[in-house]
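Trainee: I should be grateful for a close look at a single part of this structure. Please choose one strand and explain how the rest of the model is arranged around it.

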Amino acid sequence: MSEAPATLVLLRHGEADTGGRCAGQRLDPPLTRRGRSQAVSARHRLARAFDAVVSSPAARARQTAQAWTARPSIEPGLAERDFGAWEGRCWEELWAGVPSEVLADPPAYAAFTPPGAESLAAVEARAWVAAERLAVPGRRVLAVTHAGPLRLVLARALGLPPARGFALAAGHGRAAVLRRDGHTWTLEALGA
């Protein structure tokens, strides 16, 4: 008899009060009113019983997870990218300084690392380890994370290059539902 598959629901946190600034690990804004509403909507939309609810250490992720439980478990591997010198600066200003060839080429974009920032390869590695650890046979786990880690885990689970993951939808308060059966990952829903 084989083990029951694991279900891992990766949920992007609700909208946060960033003021248009880069918020990775160092800038930790709370949810906006809309973000809190997105968390409640996700709770109703997903309407599932979970064996565990885990969250990135960021306030915006923890606050989203609190739509399910007052005390989500913290999973550091789900943290947003550390954007280094970009943290707290206006996104509009930052993107204006990125070479056009980087913005036009997905592999170049995936290889680009802002000064003092964590590489996407490092984010993918830690997020993937967390996803594999959380995907326990027979269990349903809700993991509240950020757009980058969510997309990178999806890409890896689907056998896509990391750069292709950035084409996958990851709206605020929206989820990707993954099923793991042995070593095989299947995407059951995107944007749930």
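Mentor: What follows begins with strand 5 and moves outward from there to the sheet, the salt bridges, the largest pocket and the aromatic rings.

The model is a predicted one, and the description should be read in that light. Strand 5 covers residues 175-181, and five of its seven residues are buried, so the strand is largely enclosed by the rest of the structure. The partners of strand 5 on either side may be taken in turn.

On one side is strand 1, residues 6-12, which pairs with strand 5 in the antiparallel sense over six bridges. One position in this pairing is Thr-7, whose bridge partner in strand 5 is Arg-179. On the other side is strand 6, residues 184-190, which is also joined to strand 5 by six bridges and runs antiparallel to it. Here Arg-180 of strand 5 has Trp-185 as its bridge partner in strand 6. Strands 5 and 6 form a hairpin with two residues between them. Gly-182 lies in that turn and has a positive phi of about 65 degrees.

These pairings belong to an open sheet of six strands, in the order 3-2-4-1-5-6, with mixed pairing. Strand 3 and strand 6 are the edge strands, each pairing on one side only. Strand 5 therefore stands between strand 1 and strand 6 in that order, and it is largely enclosed because five of its seven residues are buried. The parallel part of the mixed pairing includes strand 1 and strand 4, residues 140-145, which are joined by six bridges. In this pair, Arg-12 has Thr-145 as its bridge partner in strand 4. As a general point, strands of a sheet pair through backbone hydrogen bonds, either parallel or antiparallel.

Side chains add a further contact between strands 5 and 6. Arg-179 forms a salt bridge with Glu-188, with the closest N and O atoms 3.7 Å apart. Arg-179 is partly exposed, with a relative accessible area of 32%, and Glu-188 is likewise partly exposed, at 42%. Arg-179 thus has two roles in this description, as the bridge partner of Thr-7 and as a member of a salt bridge with Glu-188.

The whole structure holds nine salt bridges, and two others deserve mention. Glu-15 and Arg-34 meet through their side chains at 3.5 Å, N to O. Glu-15 lies in the loop between strand 1 and helix 1 (33-46), and Arg-34 lies in helix 1, so this pair ties together parts that are 19 residues apart in sequence. Glu-15 is partly exposed, with a relative accessible area of 23%, whereas Arg-34 is exposed, at 53%. The other pair is Glu-75 and Arg-133, whose closest N and O atoms are 2.7 Å apart. Glu-75 lies in the loop between strand 3 (73-74) and helix 3, and Arg-133 lies in helix 6, so parts that are 58 residues apart in sequence are tied together. Glu-75 counts as buried at 9% relative accessibility, while Arg-133 is partly exposed at 45%.

Arg-12, already met as the partner of Thr-145, leads to the largest pocket. This pocket contains about 550 Å³ of space. Of its 27 lining residues, the closest to the centre are Arg-12, Glu-80, Phe-83, Trp-91 and Ala-147. Helix 3 (91-96), helix 6 (120-134) and helix 7 (147-157) each supply at least two residues of the lining. Helix 7 gives the most, with five residues. By character, the lining divides into 15 nonpolar, six polar and six charged residues.

Phe-83 and Trp-91 in turn lead to the aromatic rings. Ring pairs link these two residues with Trp-86, Trp-95, Tyr-109, Phe-112 and Phe-166 into a cluster. The count for the structure comes to eight aromatic pairs. Among them, Tyr-109 and Phe-166 have ring centres 5.6 Å apart and planes at 80 degrees, so the pair is edge-to-face. This pair links distant parts of the chain, with Tyr-109 in helix 5 (residues 106-111) and Phe-166 in the loop between helix 8 (162-165) and strand 5, 57 residues apart. Tyr-109 is partly exposed, with a relative accessible area of 26%, and Phe-166 counts as partly exposed at 25%. The loop that holds Phe-166 brings the account back to strand 5.

Definitions and conventions
Residues numbered from 1 in each chain as written. Predicted model: local features only at pLDDT ≥ 70, side-chain atom pairs only at ≥ 80, totals over all residues. Heavy atoms only, no water. Buried < 20%, exposed > 50% of the residue type's maximum accessible area, 1.4 Å probe, protein only. Helix = DSSP H or I, 4+ residues; strand = E, 2+ residues; numbered from the N terminus. Pairing = 2+ DSSP bridges. 1 Å grid on protein atoms, 1.4 Å probe; cavity = no way out; pocket = protein on both sides within 12 Å on 5 of 7 lines; lining within 4 Å. Points joined across faces, edges and corners; volume = space filled by probe spheres on them. Nonpolar A, V, L, I, M, F, W, Y, C, P; charged D, E, K, R; others polar. Salt bridge = Lys/Arg side-chain N within 4 Å of Asp/Glu carboxyl O. Phe/Tyr/Trp six-rings, centres within 6.5 Å; stacked < 30°, edge-to-face > 60°.
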